[in-house]
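Colleague: Hi! I'm new to reading protein structures and would like to learn how to go through one. Could you walk me through it?

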Amino acid sequence: MSIRAAFSALFLALSAPALAQTEEFLPLTEPVELTAGEPDRAVGDLIFRGGVAIAPDKATIGGVSGLEWQDGALFAVTDDGRWLEIIPDERGLRLVDVAQVVIGPMADERGRDLKDKARGDAEALTRLPTGEWLVAFEQEHRLWRYADAVPGALVTGVDPRAAPLIAAIAQANSGIETLAAYGEALLACGEWVDAARPNCLRVTEAGAQAFHLPAPEGIAEAGGVPTDAACKSDGTCFVLFRSYRQGEGNRAAIVELAADNTARTLAVLAPPLMLDNFEGLALREETGRQFLYLVSDDNFRNCDTRPGVGCQRTLLMKFEIAAVPATGPQPVTPADFAPTPAARPGTRPFPDAAIVKVVLETSLGPVTIALETERAPVTAGNFLRYVEEGRLNGTTFYRAMDMAGDRQPAGIVQGGTRNDAKRVLPPIPHEPTDQTGLPHSHGALSMAMNAPGLADGDFFVMIEDQPGFDADPSATEPAWRAGFAVFGYVTDGMAVIASIHAAARDADAGEGVMKGQMLAEPVRIISARRVVAE
């Protein structure tokens with residue numbers, strides 16, 4: 001397990017004197033794989049993108065139910081009446097750890113802790129368009145609205161929309177486990193599967209529609225029931241099923257539910273895969289990609305504190321929904337990125353410095369570059385020579401790499417002559433960023449190279465700030481002391497760069513650290529030309 005707990009910090013954040021303390025800290029974790037030795041295991045239409053087991057730690061993390069992605073964090077509730085916020089630590093597409101946990105008590109309508117199990121058995125949550133949060137409780141079956149998903153948040157009222165479903169509940173411990181809001185609509189499902197007793201309710205402007213959502217084949221025979229959901233704005237929802245069978249253990253399944261309630265199974269997860277009692281599902285949408293996070297409920301019988309037969313874990317796993325084949329939606333285009341932050345132009349740190357403008361006409365559209373001929377005369381001059389001598393015409397953007405960051409997508413795309421002997425000019429001296437003052441910020445162009453002084457005709461473009469490429473005089477490694485050489489900024493066409501970054505990659509192409517980063521179909525640079533000043 002990680003020893004990061006040594007750096008944990010504990011603080012009090014009390015919004016009412018009666019509330020217990022809130023804890024914020026770095027939890028003990030360990031990485032987990034769906035299948036040992038297969039980091040990107042595909043199951044059905046899902047691709048595993050990493051996972052961790054979260055130890056109970058000092059806050060007795062456990063009993064986690066429901067899950068919602070919001071503003072870079074995952075929110076959940078626990079069945080002992082607590083709010084839980086998890087900030088994932090990710091490297092590119094992969095979930096590698098948990099950066100922070102915040103956990104603290106939920107309150108009732110009078111601001112008191114929900115200490116009584118019958119009142120505090122929270123099982124599902126979702127965020128409403130008002131900014132409020134809706135939480136489903138079982139045993140005392142009800143839907144409460146909260147002003148926010150933070151400890152001490154006030155109850156703002158009872159939501160009556162699931163009343164028909166609550167009326168169908170037959171057992172105190174089998175209530176509403178599934179909530180998902182989209183716009184003004186709501187999907188709710190109970191923890192049962194019985195054709196004679198509809199287990200789901202979709203409430204839209206047209207009214208409430210109760211329906212039966214059966215467990216898919218592969219989990220139905222093990223007693224699968226719906227336990228969480230997340231919806232897209234168009235009413236397409238993803239529903240999580242879970243089951244447990246003595247002697248076998250847990251199974252899980254993800255069903256895609258169309259707006260008309262027709263269902264399609266995305267994946268069934270069954271032993272010998274690494275599984276547990278999954279009760280929470282969250283959807284994270286990014287341009288061209290959809291990710292699902294699953295979290296399990298250890299029922300406070302965690303294997304770290306109560307090892308042995310029947311112990312459980314709090315697992316957090318990330319999956320990507322595989323791209324639909326060509327018969328479905330087409331690959332992303334620059335238009336898909338136009339309204340996103342990734343499309344914003346690069347910012348020149350010295351706007352008054354002399355530049356030369358260049359346009360790369362690509363198969364996806366034009367990219368306009370301001371070459372920093374005054375600040376980086378050697379590197380910018382080298383690139384300009386490649387342009388004016390036609391050496392970039394017919395080359396490609398051929399590589400894309402993902403990088404971590406608060407804002408996604410983030411990373412680089414690389415293009416150029418790719419060691420073509422007929423195009424490559426002699427290498428040039430290195431101009432480090434601490435000399436030029438040109439940082440590797442969003443939209444920056446920098447020279448690809450094996451070592452300082454070996455750059456020639458290949459370059460890469462930043463998506464989001466990547467200061468790790470800057471020169472670092474304090475670094476012990478000579479290559480990182482020198483960093484890479486920035487020589488220009490994209491002033492128009494970053495949507496093109498972002499769509500190149502999102503293009504499909506060949507999992508088997510490339511060598512070493514670049515394996516899996518080569519584009520399956522490189523994007524052609526039709527021509528590169530200098531813009532003549534008017």
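Modeller: Happily. Let's start with strand pairing: strands E14 (residues 185–190) and E15 run antiparallel and are joined by four bridges. Please keep in mind that this is a predicted model.

Colleague: Which residue is the bridge partner of Cys189 in E15?

Modeller: The partner is Cys200. On another side of the pairing, E15 is also joined to strand E16 (residues 207–211), by five bridges, and these two run antiparallel as well. There, Thr204 stands opposite Gly207 in E16.

Colleague: And how many residues does the hairpin from E15 to E16 pass through?

Modeller: Two residues link E15 to E16 in that hairpin.

Colleague: Why is E15 described as largely enclosed by the rest of the structure?

Modeller: To read burial, we ask how much of a residue's area is accessible, and buried means under 20% relative accessible area. In strand E15 (residues 200–204), four of the five residues are buried, so the strand is largely enclosed by the rest of the structure.

Colleague: Let me try strand E4. Is it mostly covered or mostly uncovered?

Modeller: Mostly covered: nine of the nine residues of E4 (residues 46–54) are buried. Look at the pairings of E4 next. Strand E2 (residues 29–32) runs antiparallel to E4, with four bridges between them, and Glu30 stands opposite Ala53 in E4. Strand E23 (residues 314–321) is antiparallel to E4 too, through seven bridges; here Phe48 has Phe319 as bridge partner in E23.

Colleague: What about strand E3 and E4?

Modeller: Strand E3 (residues 42–43) pairs with E4 in the antiparallel sense over two bridges, and Ala42 has Ile47 as partner in E4. E3 and E4 form a hairpin with two residues between them, and Gly44 in the turn has a positive phi of about 60°.

Colleague: Now helices. Why would helix H7 be called largely enclosed?

Modeller: The reasoning is like that for a strand. Eight of the eight residues of helix H7 (residues 494–501) are buried, so the helix is largely enclosed by the rest of the structure. Among the buried residues are Met494, Val496, Ile497 and His501.

Colleague: How do I read a nonpolar core, and which residues have the most contacts inside the largest one?

Modeller: Think of buried nonpolar residues joined through their side chains. The largest nonpolar core has 51 residues, and those with the most contacts inside it are Leu360, Phe383, Phe397, Phe459, Val461, Phe487 and Ile497. H7 gives this core six residues, the largest share. There is also a second, separate core of 25 residues, including Val32, Phe238, Ile254 and Met317.

Colleague: Which residues is Val461 in contact with?

Modeller: Leaving aside neighbours within four places in sequence, the contacts of Val461 include Phe397, Leu445, Val490, Met494 and Ile497.

Colleague: One last feature: what is the volume of the second largest pocket, and how many residues line it?

Modeller: For a pocket, look at the volume, then at the lining. The second largest pocket has a volume of about 1200 Å³. Its lining has 47 residues, and Trp69, Gly72, Arg284, Glu285 and Glu286 lie nearest the centre. By class, this lining has 21 nonpolar, 11 polar and 15 charged residues. Several strands each supply at least two residues of the lining, among them strand E5 (64–70), strand E7 (82–91) and strand E21 (278–286).

How values were computed. Residues are numbered from 1 along each chain as its sequence is written. This is a predicted model: local features need pLDDT of at least 70, side-chain atom pairs count only at pLDDT 80 or more; totals for chains, interfaces and linings use all residues. Side-chain values use heavy atoms; hydrogens and water are left out. Buried means under 20% relative accessible area, exposed over 50%, partly exposed in between (1.4 Å probe, protein chains only). On a 1 Å grid over the protein atoms alone, a cavity is a set of points where a 1.4 Å probe fits but cannot get out, and a pocket is an open set with protein on both sides within 12 Å along at least five of seven lines; lining residues have an atom within 4 Å of a point. Grid points are joined across faces, edges and corners, and a volume is the space filled by probe spheres set on the points. Ala, Val, Leu, Ile, Met, Phe, Trp, Tyr, Cys and Pro count as nonpolar, Asp, Glu, Lys and Arg as charged, and the others, Gly among them, as polar. A nonpolar core is a set of buried Ala, Val, Leu, Ile, Met, Phe, Trp, Tyr and Cys residues joined through side-chain atoms within 4.5 Å. Contact means heavy atoms within 4.5 Å. Two strands pair if DSSP finds at least two bridges between them.
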